[in-house]
Amino acid sequence: MSEPILLQLQDVCAGYGDFDVLHDIFLRVSQGEFVAVVGPNGAGKSTLFKTISGLVTPSGGSMMWEGRNLFAVPAAQRPHLGIAHVPEGRQVFPTLTVLENLEMGAFACRDDSAFTHNLDQVLEWFPVLKDRRAQAAGTLSGGEQQMLAIGRGLMAAPDILMLDEPSMGLAPAIADEIFERLVAIHRKRSLSILLVEQRVAEALHFADRAYVLEAGRIILSGAPAELQHNDRIRQAYLGM
């Protein structure tokens with residue numbers, strides 16, 4: 001039996017002012033699925049996430065969350081449904097401590113009694129944050145800040161974690177470590193992950209399904225193995 005669909009976009013168009021960046025987007029994420037969206041700079045990947053989060057208003061189409069019209073839910077309420085968005089560039093609160101940053105992520109926790117449990121889990125998944133919990137976030141390395149941003153997103157125990165370019169600006173070894181931890185968390189918690197990433201080979205390696213976004217349109221989708229053998233993908237993204 002297939003897993004229930006958490007998030008589904010159908011014919012979604014969205015952008016800024018009168019200019020649409022996204023055109024007729026179809027995308028779905030099922031319970032416990034790891035889905036990647038890959039594509040070049042300027043393809044509309046961040047706009048896609050902002051549309052799901054409610055930061056960009058769509059001009060057409062439909063978006064459902066567990067069968068509910070997500071367009072009718074204000075942006076501030078969407079985290080309370082179980083949607084966590086980790087934006088590109090990490091965007092930690094630099095003058096707050098690591099612990100205070102994690103506490104900020106718990107504002108959407110749907111069960112206050114679960115705060116301690118969620119915090120313990122995050123610190124177990126990212127031990128460096130436990131060691132640095134009293135340290136100002138702005139003094140962390142880039143990789144540690146990315147782990148903090150992800151940990152903050154996990155503090156409310158979301159149903160889906162949306163990650164926008166988590167490898168941006170990181171050394172390959174650090175990015176690989178973060179990907180491996182994400183996969184471990186995904187498998188342990190059956191957490192749905194929607195990943196936007198320019199490191200196409202890595203994204204396809206870890207994902208269950210993937211979409212290719214170019215110029216605001218989904219041009220290909222399918223299992224990673226299928227996309228890895230697609231000549232267009234091999235030439236444009238994999239250097240083969």
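# A walk through the fold

Let's start at one spot in a sheet: Met64 stands opposite Asn69 in strand S5. Keep in mind as you look around that this is a predicted model. The strand pair here is S4, residues 58-65, and S5; the two run antiparallel and are joined by two bridges.

Now widen the view to the whole sheet. It is an open one with four strands, in the order S2-S1-S4-S5, and the pairing is antiparallel. Which strands sit at the edges? Those are S2 and S5, the latter spanning residues 68-69, and each of them pairs on one side only. In general, strands of a sheet pair through backbone hydrogen bonds, either parallel or antiparallel.

Next, find the helix that packs on this sheet. That's H1, residues 45-53, and it touches S1 (5-16), S2 and S4. Its direction makes about 115 degrees with that of S1. How much of H1 is covered? Mostly everything: eight of its nine residues are buried. Go along the helix and you'll meet them as Lys45, Ser46, Thr47, Leu48, Phe49, Thr51, Ile52 and Ser53. Just after H1 comes Gly54, which takes a positive phi of about 95 degrees.

Back to the edge strand S2, which covers residues 19-30 and includes Ser30. Is Ser30 buried or exposed? Its relative accessible area is 9%, and buried means under 20%, so Ser30 counts as buried. Leaving out residues up to four places away in sequence, Ser30 touches Glu3, Pro4, Ile5, Leu6 and Ser192.

A little further along the chain is strand S3, residues 34-38, where you'll find Ala36. This one is buried too, because its relative accessibility is 0%. What is Ala36 in contact with, once neighbours within four places in sequence are set aside? The list is Leu195, Ala203, Ala207, Arg209, Ala210 and Tyr211. Another residue to check against Ala36 is Asp208: the two are 172 residues apart in sequence, yet 8.0 Å apart in space, C-alpha to C-alpha.

For another buried spot, go to helix H9, residues 231-236, and pick out Ile233. Its relative accessibility is 2%, so Ile233 counts as buried. Between Ile233 and Val212 there are 8.7 Å in space, C-alpha to C-alpha, and the two are 21 residues apart in sequence.

Now turn to the helices, starting with H3, which runs over residues 115-125. Its buried residues are Asn118, Leu119, Gln121, Val122, Leu123 and Trp125. An α-helix has 3.6 residues a turn, so residues three or four places apart point the same way. What covers the buried residues of H3? The cover includes H2, H4 (127-131), H5 and H6 (172-189).

Two of those helices turn up again at our last stop, the largest pocket. Rolling a probe the size of a water molecule over the atoms shows where empty space is left. The largest pocket has a volume of about 580 Å³. It is lined by 24 residues, and the closest to its centre are Pro79, Ala84, His85, Pro87 and Phe107. Where does the lining come from? Strand S6 (83-86), helix H2 (98-105) and helix H5 (142-154) each supply at least two residues, and the largest share, four residues, comes from S6. Sorted by class, the lining has 15 nonpolar, six polar and three charged residues.

Key
Residues are numbered from 1 along each chain as its sequence is written. This is a predicted model: local features need pLDDT of at least 70, side-chain atom pairs count only at pLDDT 80 or more; totals for chains, interfaces and linings use all residues. Side-chain values use heavy atoms; hydrogens and water are left out. On a 1 Å grid over the protein atoms alone, a cavity is a set of points where a 1.4 Å probe fits but cannot get out, and a pocket is an open set with protein on both sides within 12 Å along at least five of seven lines; lining residues have an atom within 4 Å of a point. Grid points are joined across faces, edges and corners, and a volume is the space filled by probe spheres set on the points. Ala, Val, Leu, Ile, Met, Phe, Trp, Tyr, Cys and Pro count as nonpolar, Asp, Glu, Lys and Arg as charged, and the others, Gly among them, as polar. Buried means under 20% relative accessible area, exposed over 50%, partly exposed in between (1.4 Å probe, protein chains only). Contact means heavy atoms within 4.5 Å. Two strands pair if DSSP finds at least two bridges between them. Axes are lines fitted to C-alpha atoms, for helices over the stretch in contact, and angles run from 0 to 180 degrees between N-to-C directions.
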